[in-house]
Amino acid sequence: MTRRLPVYLLLDCSESMAGEPLNAMEAGIYKTISSLKKDPHALETVYVSVISFAAKAKVLAPLTEVVALKPPSLELRPGTALGAALDLLRESIKKDVEITTAMSKGDWRPLVFILTDGQPTDDWRGPLARLRAVKPSLASVYGFGCGDEVDFETLAEVSDVCFQVSSLTTESLSKLFVWLTASIQKSVVSPDQLVSLEKSDLPMVDGMKLIDRAQPPKFQEKNARLYFHSVCVKTKRHYLIRYRFNPEIGLYFSEPSVTLPDDFFSDGAAKAPGVDASLLLQGPKCPYCQNHGWGKCGFCGHLFCLDPDNPAPTVVCPFCESHLTIDQSAEDFRVDGSVG
Ligand SMILES: [Zn+2]
Ligand SMILES: [Zn+2]
């Protein structure tokens with residue numbers, strides 16, 4: 001039996017990945033799989049599993065040989081449960097991977113690639129300690145922090161090798177996946193000296209750099225980007241309101257809202273500190289009905305879209321169906337968002 005090279009992709013599917021980054025990750029997995037399918041060495045050796053993490057961690061694709069692997073679609077959910085992902089990774093490896101015994105050579109040590117753009121919203125220290133407690137080491141873990149809100153102090157601790165990727169655009173994420181594919185192919189050729197990617201001679205892609213794990217950039221919770229889950233009054237469908245902080249003006253400006261899957265809340269929502277609504281500028285447009293205002297339900301606390309130009313005196317909360325009277329003067333309410 002050939003020794004397999006298991007590859008685990010752990011992908012952050014939190015709010016901040018909504019839209020372009022999520023699509024780029026999906027396309028990246030697709031391309032990686034199709035490139036590996038064309039590589040005769042990889043075809044024989046590489047097995048891939050895809051695990052997503054947001055409110056919960058989920059195995060989207062169990063460890064499968066590349067030829068049979070269907071690239072999974074990624075689901076956006078609230079939160080960044082990195083700890084849950086590490087526990088699931090440890091359980092999966094113990095279940096999937098053949099260990100070397102006196103009688104037979106087992107699989108190669110798994111390669112794990114973690115892609116995240118934020119900070120964990122759950123306890124990750126316990127799961128990390130459990131992962132590290134297994135000897136010999138279960139996997140080589142490579143962390144990729146994408147964008148400008150990454151908690152590198154955590155990611156550097158979780159990974160054996162940690163990289164910074166400057167942005168979450170389609171271009172930079174697709175380059176990253178090309179790089180990952182090349183790294184996997186390199187590992188296939190010489191798995192016995194399992195490539196330290198740190199010393200890899202693969203040229204890094206633009207905007208990518210190695211993080212010194214002994215001195216990772218200090219993480220400051222800037223809350224530079226805020227996310228609010230809202231429901232359309234007319235269609236009852238979910239969308240994500242996004243704000244970015246403008247440090248010169250000291251206020252948050254809205255970015256285009258993005259639609260959310262209707263089962264977005266099915267795994268529960270991550271709690272985050274509230275923010276004073278008076279710091280939020282511009283009415284974010286509802287992507288379904290173009291209403292450019294929003295309100296907050298006094299009963300369930302959910303947000304919904306409103307037309308500020310033609311305010312109805314009462315409205316039914318699209319989330320909990322309570323009948324509400326609109327108080328136009330309530331500008332100083334606090335809204336509970338998340339930092340994804
Ligand atoms: Zn609407
Ligand atoms: Zn409500």
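Me: What does Thr-181 touch, leaving aside residues up to four places away in sequence?
Reply: Thr-181 touches Thr-32, Ser-35 and Leu-36, where contact means heavy atoms within 4.5 Å. Before we go on: this is a predicted model, with local features needing pLDDT of at least 70 and side-chain atom pairs counting only at pLDDT 80 or more, while totals for chains, interfaces and linings use all residues. Residues are numbered from 1 along each chain as its sequence is written, chains are lettered from A and ligands numbered from 1 in the order written, and side-chain values use heavy atoms, with hydrogens and water left out.

Me: Is Thr-181 buried or exposed, and how do you know?
Reply: Buried means under 20% relative accessible area, exposed over 50%, and partly exposed in between (1.4 Å probe, protein chains only). Thr-181 comes out at 6%, so it counts as buried.

Me: What makes the link between Thr-181 and the backbone oxygen of Phe-177 a polar contact?
Reply: The test is a pair of N or O atoms within 3.5 Å; within protein, one must be able to donate a hydrogen and the other to accept it, and residues adjacent in sequence count only if both atoms are side-chain atoms. Here the Phe-177 backbone oxygen sits 2.6 Å from a polar side-chain atom of Thr-181.

Me: How do you know that the span of helix 6 agrees with its 20 residues?
Reply: Helices (H or I, at least four residues) and strands (E, at least two) are DSSP runs, numbered from the N terminus. The expected span is 1.5 Å times one less than the number of residues. For helix 6 that gives 28 Å, and the end C-alpha atoms are 29 Å apart, so the two agree. Thr-181 is found in this helix, and its buried residues include Leu-173, Leu-176, Leu-180 and Ile-184.

Me: What makes something a nonpolar core, and which element gives the most to the largest one here?
Reply: A nonpolar core is a set of buried Ala, Val, Leu, Ile, Met, Phe, Trp, Tyr and Cys residues joined through side-chain atoms within 4.5 Å. The largest has 48 residues, and Met-25, Val-46, Val-48, Phe-113 and Phe-144 touch the most other members. Helix 6 gives the most to this core, with seven residues.

Me: Why is the site of the zinc ion (ligand 1) called tetrahedral?
Reply: Donors are N, O and S atoms within 2.8 Å of the metal (3.2 Å for Na, K and Ca); water is not among the atoms, so sites may look incomplete. The SG atoms of Cys-232, Cys-286, Cys-289 and Cys-305 lie 2.3 to 2.4 Å from this zinc ion. Four donors count as tetrahedral if all angles lie between 85 and 135 degrees. The angles here are 105 to 114 degrees, so the label fits.

Me: What about the zinc ion (ligand 2): which residues coordinate it?
Reply: Cys-297, Cys-300, Cys-317 and Cys-320 do, each through SG, at 2.3 Å. Angles of 108 to 112 degrees make this site tetrahedral too. Cys-300 lies in the loop between strand 13 (293–296) and strand 14 (303–306), and Cys-317 in the loop between strand 15 (314–316) and strand 16 (323–325), so the pair ties together parts that are 17 residues apart in sequence.

Me: Why is Cys-300 called partly exposed, and what is Cys-317 called?
Reply: Cys-300 has 31% relative accessibility, so partly exposed is the label. Cys-317, at 1%, is buried.

Terms used. Four donors count as tetrahedral if all angles lie between 85 and 135 degrees; four count as square planar and six as octahedral if opposite donors are over 155 degrees apart and all others between 65 and 115; anything else is irregular.
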